[in-house]
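Trainee: I should like to examine how the descriptive terms for this structure are justified. May we take them one at a time?

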Amino acid sequence: MSGALTAGGWGLFAGAALLVGAAIGSLVRVPPRLIALVMAFGSGVLMAAVSFELIADAYERAGIWPVVAGAVGGAAVYSGANALLARHGARHRKRSGEQQPSEAEAPGSGNAIALGALLDGVPESVVIGTSLLGGGHLGAATVGAVFISNIPEGLASSAGMRSAGRSRMYVFALWGSIAVASGLAALGGYALLGGASEALMAVITAVAGGAILSMVADTMIPEAYSKVHLLTGLVTVAGFLSAFALSHL
């Protein structure tokens, strides 16, 4: 039980970065370009974590075909769910400007944004939980990547929600619930998959990797590029190399 609680604690810690970002955005006026730069850096960190901790681990467990099947499946499920939520007002949930619709403009968009945030966070948290199974060591790069990427998400999304007329209470209640859900997802990943075979664990890890890569490509990089344009690639590479170095320390 202590292992499950530890996994849940790390998932909660990573998810709590959303609240940190929202709090920063509430206390100080953060320039949109700075938010975009952090978003680009976080994108690079996430891509490195997926490459060197998730996909590489899945390959070592079961070989190439479970990795391919899992990653494609994860990307397809994420992209399909993301497209469905986008039709109900969650397309710009990570945007800091006035792209997000208000409830008057798109009834139910607040719930769609909440579900979209949950969709973004669950795969990351499940991986945090499963990384501790079998006496495994928690990947610092994975937790760091999720935490770093969640701060600009909290900043950008909260600014966008405020521009759309949503209350500060709504913003903090949303991110607080997602942080708790992240902890529960990590706890569930540890508690429910303890007896899974190596092949199944490989597929699950690859599914999460494919979903995270799709999330980065669909939501994070477009937000960064819309504000800082050609700096996006350079800062993304900086984030990638930082996570690469962290994973090899």
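Mentor: We begin with a term: a nonpolar core is a set of buried Ala, Val, Leu, Ile, Met, Phe, Trp, Tyr and Cys residues joined through side-chain atoms within 4.5 Å. The model is predicted. Its largest nonpolar core has 29 residues, of which L46, I128, I212 and M220 touch the most other members.

Trainee: Which elements give two or more residues to this core?

Mentor: They are α2 (32–62), α4 (109–130), α5 (140–163), α7 and α8 (231–247). With 9 residues, α2 gives the most. A second core, separate from this one, has 8 residues, including L18, A22, A117 and V171.

Trainee: Why is T219 called buried?

Mentor: Buried requires a relative accessible area under 20%. The relative accessibility of T219 is 7%, so T219 counts as buried. This residue lies in helix α7, which spans residues 198–228.

Trainee: What makes the approach of the T219 side chain to the backbone oxygen of M215 a polar contact?

Mentor: The limit for the pair of N or O atoms is 3.5 Å. The T219 side chain reaches that backbone oxygen at 2.6 Å, a value within the limit.

Trainee: Why does G188 count as buried?

Mentor: The relative accessibility of G188 is 18%; this is under the 20% cut-off, and therefore G188 counts as buried. G188 belongs to helix α6, residues 168–192.

Trainee: How far apart are G188 and G129 in sequence and in space?

Mentor: They are 59 residues apart in sequence, while their C-alpha atoms are 7.2 Å apart in space.

Conventions
Residues numbered from 1 in each chain as written. Predicted model: local features only at pLDDT ≥ 70, side-chain atom pairs only at ≥ 80, totals over all residues. Heavy atoms only, no water. Helix = DSSP H or I, 4+ residues; strand = E, 2+ residues; numbered from the N terminus. Buried < 20%, exposed > 50% of the residue type's maximum accessible area, 1.4 Å probe, protein only. Polar contact = N/O pair within 3.5 Å; in protein donor to acceptor, adjacent residues only side chain to side chain.
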